[in-house]
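Reader: I have a structure on my bench screen and would like to talk it through. Could you take me over its main features?

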Amino acid sequence: MVAQSQTQNYNVDERPVKSFGTPLPGLAEIADRLLGPRGCLFTFHRAATSGVWETLPNRNFYLNLDFLDALLSYLRRRDWDVVTMEDAAQRIRTGRLARKFVNFSVDDCYRDTYEAVVPLFRRHGVPVTLFVTTGIPDQTLPLIFAGLEDALLTRDSVVLEDGARSLGTTAERRALYEQLAKQWDTPDGPTHYSHFCHLNGIDEHAMHVKHAISWDMLEELANDPLVEIGGHTVSHSRISSLSDDGAMEEIEGCRRRLMARLGVPARHFAFPYGRAADCGPRDFEITATAGFVSASTTRKGLVGPDARTDRLPRITLNGGHQSLTMIDAHLSGMTAVLARALGRV
Ligand SMILES: [Zn+2]
């Protein structure tokens, strides 16, 4: 067993305390009649309970766990199968779309994946896919935004280059997070973060351990039949920006590392960022050469029998998603049509 963090505990026996809207009357039935059996792949990053979620400076990066709980119950009521990527890919490859199915994947993998997300899927008795960035448990990828958020959430003030900044309200914490995260979203981000930690007396290693998933946790999860382990690169690089060799090292290197540490021959991969500019035909080919039987993007869309398993669409659920009406829009393909119309590919 591994230590529990102080901030992200979630009692899986708690019932959702909040209602998440009534689905739009008729939309699900109409979609089922028009579209028939189809797949929908959802992805998200971190998760927190409603109470914690409200206070987070970067709350849109987190799915509200109570909403996820309500969503899993809703999908069961609407007769959707929750499946692994292995099952999804097989259904697509064999054209066996006899039933509606969804997959949930967690990208990157933080400590809350272990402490809160997997326990919730276990309670519902349905599988979840973890796309692991191996630099996180290897502690080679600094979690600069998690560390920044933690400091802004837990302190009354922080020291910046030009002096101290007091943090009285959630709005102030959120505004400063946005300002600094924007400044740090460059190749120099880790240097900015180290400097910030130095100014504020933050132990970078301890902060990493507080937020990262560890190999011990992953080992325990890999033995759970409801958990499927997949790859999400070594250092969370934008694959399209790398040379052929660099791309192969990120994709195959992560697969090698999962095998070495967990004994898991990972068969499914997800591209970091995942939009059209972040991964293309060359990258889909490299992923297959590296031994992955499927690769997922974050291009919106539903999955039908003609879907290509080397470039599957996925719908990102973030903190703004707290309505079952929005879920019905995803499951009916409406959001994908809208995204394409708006050029968000
Ligand atoms: Zn990612």
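Author: What follows is a conversation about this predicted model.

Reader: Let us begin with the overall layout. Which domains is the chain divided into?

Author: There are two entries in the assignment: domain 1, covering 27-140 + 229-341, and domain 2, covering 144-208. Taken over C-alpha atoms, the centres of domain 1 and domain 2 are separated by 29 Å. Six residues from domain 1 and ten residues from domain 2 take part in the contact.

Reader: And the interior? How many residues does the largest nonpolar core have?

Author: The largest nonpolar core has 88 residues, and A47 and L130 are those with the most contacts inside it. The helix that gives the most to this core is α3 (residues 65-77), with seven residues. At least three residues of this core come from each of domain 1 and domain 2.

Reader: You mentioned L130. What is L130 in contact with, beyond its neighbours within four places in sequence?

Author: L130 contacts V106, C109 and T113, and also L221, V227, I229 and G230.

Reader: What about A47? Which residue touches it?

Author: One of them is Y62, which touches A47 along with R46, A48, W53, L56 and G319, leaving out residues up to four places away in sequence. Y62 is located in strand β3 (residues 62-64).

Reader: Is Y62 buried or exposed?

Author: Y62 counts as buried, because it has 22 C-beta neighbours inside 10 Å and the cut-off for a buried residue is 20 or more.

Reader: How far is Y62 from G333?

Author: Their C-alpha atoms are separated by 23 Å, and the two residues are 271 residues apart along the chain.

Reader: Let me change the topic to domain 2. How do helices α6 and α7 pack?

Author: The axes of α6 (residues 144-154) and α7 (residues 170-184) come within 10 Å and cross at roughly 155°. That angle makes α6 roughly antiparallel to α7, because angles over 145 degrees are classed that way. The crossing of α6 past α7 is right-handed.

Reader: Which residues meet there?

Author: From α6 the residues are I144, F145, L148, E149, L152 and L153, and from α7 they are R173, L176, Y177, L180, A181 and W184.

Reader: Which residues of α6 are buried?

Author: The buried residues of α6 are I144, A146, G147, L148, E149, A151 and L152. They pack against β7 (157-160), α7, α8 (189-200) and α9 (204-211).

Reader: You list α9 there. What is the angle between α6 and α9?

Author: It is about 95°, with the axes of α6 and α9 10 Å apart. The two helices are therefore roughly perpendicular to each other. A146, G147 and D150 in α6 meet M207, K210 and H211 in α9.

Reader: Now another helix pair. How do α11 and α12 cross?

Author: Helix α11 (residues 244-262) and helix α12 (residues 281-289) have axes that come within 9 Å and cross at roughly 45°. They are therefore oblique to each other. The crossing in which α11 passes α12 is right-handed. The residues that meet are A247, M248 and I251 in α11, and D283, I286 and T287 in α12.

Reader: Turning to the backbone, what is notable about phi at Q139?

Author: Phi of Q139 is near 60°, which is a positive value in a residue other than glycine. Most residues other than glycine have a negative phi. Q139 is placed in the loop between β6 (128-132) and α6. With 15 C-beta neighbours inside 10 Å, Q139 counts as partly exposed.

Reader: I also marked H236. What is its phi?

Author: H236 is not a glycine, yet its phi is positive, at about 55°. H236 is found in the loop between β9 (227-231) and α11. H236 counts as partly exposed because it has 17 C-beta neighbours inside 10 Å.

Reader: One last residue, A28. Where is it placed, and what does it touch?

Author: A28 is in helix α1 (residues 27-35). Not counting residues up to four places away in sequence, A28 touches P23, R78, D328 and L331. A28 and R78 are 50 residues apart in sequence, with 8.3 Å between their C-alpha atoms.

Reader: Is A28 buried or exposed?

Author: A28 counts as buried, because it has 20 C-beta neighbours inside 10 Å.

Notes
Residues numbered from 1 in each chain as written. Predicted model: local features only at pLDDT ≥ 70, side-chain atom pairs only at ≥ 80, totals over all residues. Core = buried A, V, L, I, M, F, W, Y, C linked by C-beta atoms within 7 Å. Buried ≥ 20, exposed ≤ 12 C-beta atoms within 10 Å, placed from the backbone. Helix = DSSP H or I, 4+ residues; strand = E, 2+ residues; numbered from the N terminus. Domains from an automatic or database assignment. Contact = placed C-beta atoms within 7 Å. Axes fitted to C-alpha atoms, helices over the stretch in contact; angles between N-to-C directions. Parallel < 35°, antiparallel > 145°, perpendicular 65-115°, else oblique. Left-handed = near helix turned anticlockwise from the far one by under 90°.
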